[in-house]
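Biologist: I would like a close look at a single part of this model. Please start from one residue and work outwards from there to the rest of the chain.

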Amino acid sequence: MLSKNYVFKNISSNYRLNIYPLADIHMGGLGFNQREAERIGKIIKGDKDAVTVILGDVTDEDRPSTRDVRKIMFNDRKEAYSAEDKQHHHYLKSEVIPLLLKMIEPKKCLGMLDGDHYRLYADGSTSIKYICNMLEIPYLGDGQTVLRLSFGNKNKMSCDYNIHCHHGINFAKTLGGKINSLEDIARSFEGIDAFIRGHCHSPIPVPIGKYC
């Protein structure tokens, strides 16, 4: 699990930060709605206090099973693997990144997770890491990470806000099952102010009480 620290200096007492978690965009998939993605982008870009964090599955292509097949297919043809990677880089630059830029401001994005759907390249890197490098966005790796937002002002007063970001695994059919999954994660960590996850495709805010 990775961790990332962000420091906000010399802020005023009425400073406000609105965090927009984005997950499971699935560009290129049957369920992707470009008009809706652009509408959400206008909301985010219209908010001067907005920052984003992307919890995986930006595109809808390779999943674990197809990544395994791709490894076998190119096992003795590394040059063919690299050639296909270049084609995929072109797809990201010409179609995915332009659409992503309609949704987020790279300088105001806290980072991106891989998720389940991503391309694994011949050199071991991923398509999400490639996007992050192109847009100069922090790459948060695969699975989960903890973001620590540290705020301070001229009086040297400071506070931290810790966010556990998790793409998620498995798929509960019921609302109760999804909430139980969140509670299982919450029981595993101390000192976290908010847990956000993707994968389940359900935008459900759930206040979870916990004794520390």
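Modeller: Asp 68 sits in helix 2, which spans residues 64-73. The model is a predicted one. Asp 68 counts as partly exposed because its relative accessible area is 46%, a value between the 20% and 50% cut-offs. Its C-alpha atom lies 9.5 Å from that of Leu 120, although 52 residues separate Asp 68 and Leu 120 along the chain.

His 117 belongs to the loop between strand 4 and helix 4. With a relative accessible area of 9%, His 117 is buried, since the limit for that class is under 20%. Apart from neighbours within four places in sequence, His 117 is in contact with His 26, Asp 57, Thr 59, Asp 60, Glu 61, Asp 62, Arg 63 and Arg 67.

Next comes helix 4, at the end of that loop. Its buried residues are Ser 127, Ile 128, Tyr 130, Ile 131, Cys 132 and Leu 135, and these pack against helix 3 and strand 4. After helix 4 comes Glu 136, which has a positive phi, near 55°.

Ile 131 leads on to the largest nonpolar core, where it is among the residues with the most contacts inside the core, together with Val 58, Leu 100, Ile 104 and Met 112. This core has 25 residues. At least two of them come from each of helix 1 (34-45), strand 3 (50-54), helix 3 (78-100), strand 4 (109-112) and helix 4 (127-135). Met 112 shows how these parts meet: leaving out residues up to four places away in sequence, Met 112 touches Ile 54, Val 58, Leu 100, Ile 128, Ile 131, Cys 132, Ile 137, Pro 138, Tyr 139, Leu 140 and Gly 141. A second core, separate from this one, has 15 residues, including Tyr 6, Leu 55, Phe 151 and Cys 165. In soluble globular proteins, nonpolar side chains tend to be buried together.

Phe 151 also lines the second largest pocket, as do Ile 11, Ser 12, Ser 13, Tyr 15, Arg 16, Leu 17, Gly 152, Asn 153, Met 157, Ser 158 and Cys 159. Strand 5 (144-152) and strand 6 (158-166) each give two or more residues to that lining. By class, the lining of the second largest pocket has six nonpolar residues, five polar and one charged. The volume of this pocket is about 170 Å³.

The largest pocket holds about 1,100 Å³ of space. Its lining has 40 residues, of which Pro 21, Arg 197, Ser 202, Pro 203 and Ile 204 are the closest to the centre. Two or more lining residues come from each of strand 2 (18-22), helix 1, helix 5 (175-187) and strand 7 (194-197). The lining of the largest pocket divides into 25 nonpolar, eight polar and seven charged residues.

As for the whole chain, it has five helices and seven strands, in the order β-β-α-β-α-α-β-α-β-β-α-β from the N terminus on. Of its 212 residues, 42% are buried. Among contacts with a separation of 6 or more, 77% join residues 24 or more positions apart. The radius of gyration is 18 Å, which agrees with the value near 17 Å for a compact globule of 212 residues. Along the principal axes, the C-alpha atoms fill a box of roughly 60 × 35 × 30 Å.

Definitions and conventions. Residues are numbered from 1 along each chain as its sequence is written. This is a predicted model: local features need pLDDT of at least 70, side-chain atom pairs count only at pLDDT 80 or more; totals for chains, interfaces and linings use all residues. Side-chain values use heavy atoms; hydrogens and water are left out. A nonpolar core is a set of buried Ala, Val, Leu, Ile, Met, Phe, Trp, Tyr and Cys residues joined through side-chain atoms within 4.5 Å. Buried means under 20% relative accessible area, exposed over 50%, partly exposed in between (1.4 Å probe, protein chains only). Helices (H or I, at least four residues) and strands (E, at least two) are DSSP runs, numbered from the N terminus. Contact means heavy atoms within 4.5 Å. On a 1 Å grid over the protein atoms alone, a cavity is a set of points where a 1.4 Å probe fits but cannot get out, and a pocket is an open set with protein on both sides within 12 Å along at least five of seven lines; lining residues have an atom within 4 Å of a point. Grid points are joined across faces, edges and corners, and a volume is the space filled by probe spheres set on the points. Ala, Val, Leu, Ile, Met, Phe, Trp, Tyr, Cys and Pro count as nonpolar, Asp, Glu, Lys and Arg as charged, and the others, Gly among them, as polar. The radius of gyration is taken over C-alpha atoms; the globule rule is 2.2 Å times the number of residues to the power 0.38.
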